Amino acid sequence: MLIVMANNATRDQVERVVKVIEEMGYTARPMPGEQRTAIGLVGNDGRVDSSRIEGLSGVAEVIHVTKPYKQVSREWKSENTIVTIAPGVSFGGNEIQIIAGPCSVESEQQIVASALAVRAGGATALRGGAFKPRSSPYSFQGLGKKGLEMLALARRETGLPIVTEALDEEGAHLVAEYGDCIQIGARNMQNYSLLRAVGRMKKPVLLKRGMAATIVDLLMSAEYILAEGNDQVILCERGIRSFDTMARNLFDLTAIPLVQRLSHLPMIADPSHGTGLRDKVTPMGRAAIAAGADGILVEVHPNPDRALSDGGQSLFPDQFARLVQEVRAIASAIGRTVALTPGTAPIQVG
Ligand code: PEP
Ligand code: MN
């Protein structure tokens, strides 16, 4: 339930509403806006007697949020949420962000070379897994904490913020310490204890769609994070399983405008896992931007043939640079811009 205050409501009136909500046994979440303050009532609000709140002075309107993903929905908050992972790197505004890097962190040399290459190509954030969720327990599992240290080194060398995956709560604390954005992968999208744990942290979260998850499932998972108090959540389409084995996944582009209509959270797309095929990454990366994605996440490796994971879907650095060029053209055709690489001053003309 959402209590919208009149635009001339006083602070005392807002505090009174908060108090009444708490007396009723719910949590109140005041959300000051440019025009007026709204107060969210958090909890199972099915049986709330709204007349008690409607009668309080300063209350303009009580809105019953119909969606089960309450705080994630546009009913709760109509304007876009801007998620900032580092100074100048924000998702959900007009600017498009490009997260790029290898699937896994493999060595200091490999991650620094990757970071330099993607920065040169126009990336605005560096990805790379230190904790890898592999289908086989015998496959490369990532370098763990050492990998995070290497990512931190790559950030010092390039200025690119780090997006990296956590598989469990302990790993999430480590990622929060070293990285700038905690990635929750497809396999963990419904790991509710992990979602709650990152919801209690003060770090942005990149939540990827599960491989058999509906769009509502994705939004409900995001709700777990917001319910714990963290609204810095970026959603990501990364393809779903289908009957067709021609591509690794079925890259669901319709999910982008669907989610953006239903939710105020930024929505990006990952054409690398979405297709699993190097030569399909560029066309589908372009398509994701054309469909309105707030960013793309792309796997890029300095030497894909020698990658320890996902080499077959990783772009060569020159392919990545070309993709970014094309994405800039598409962005401008739809009235958006691609963010500048952090630390790059805009070119002064005249
Ligand atoms: C990844 O980003 O490397 C990854 C494992 O992605 P997903 O969780 O989408 O499979
Ligand atoms: Mn991968």
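Helices, including α3, are DSSP runs of H or I with at least four residues, numbered from the N terminus. The model shown in these views is predicted.

**View 1. Helix α3 and the residue that follows it.** Helix α3 runs over residues 108-121 and has 14 residues. From its first C-alpha to its last, α3 reaches 20 Å, close to the 20 Å expected at 1.5 Å a residue. Gly-122, just after α3, takes a positive phi of about 110 degrees.

**View 2. The buried side of α3.** Buried residues in α3 are Gln-110, Ile-111, Val-112, Ser-114, Ala-115, Ala-117, Val-118 and Gly-121. Their cover includes two strands, β7 (95-101) and β8 (125-127), and two helices, α4 (145-158) and α11 (317-333).

**View 3. The surroundings of ligand 1.** There are 13 residues around ligand 1, and those that come nearest are Arg-127, Ala-186, Arg-187, Lys-208 and Arg-238. Side-chain N or O atoms lie at these distances from an oxygen atom of ligand 1: 2.9 Å for Arg-187, 3.0 Å for Lys-132 and 3.2 Å for His-273. On its own, ligand 1 has 300 Å² of accessible area, of which the protein covers 98%.

**View 4. Asp-294 in its loop.** Asp-294 sits in the loop that links α10 (278-290) and β14 (295-299). Asp-294 counts as buried because its relative accessibility is 6%, where buried means under 20%. Leaving aside residues up to four places away in sequence, Asp-294 touches Phe-91, Gly-92, Gly-93, Glu-95, Ile-96 and Gln-97, as well as Gln-260, Pro-266, Met-267, Ile-268 and Arg-336.

Note on methods
Residues are numbered from 1 along each chain as its sequence is written. Chains are lettered from A and ligands numbered from 1 in the order in which they are written. This is a predicted model: local features need pLDDT of at least 70, side-chain atom pairs count only at pLDDT 80 or more; totals for chains, interfaces and linings use all residues. Side-chain values use heavy atoms; hydrogens and water are left out. The expected span of a helix is 1.5 Å times one less than its number of residues. Buried means under 20% relative accessible area, exposed over 50%, partly exposed in between (1.4 Å probe, protein chains only). Contact means heavy atoms within 4.5 Å. A residue is near a molecule or strand if one of its heavy atoms lies within 4 Å of it. A polar contact is a pair of N or O atoms within 3.5 Å; within protein, one must be able to donate a hydrogen and the other to accept it, and residues adjacent in sequence count only if both atoms are side-chain atoms. Accessible areas come from the Shrake-Rupley method with a 1.4 Å probe; for residues, only the protein chains shown count as cover.
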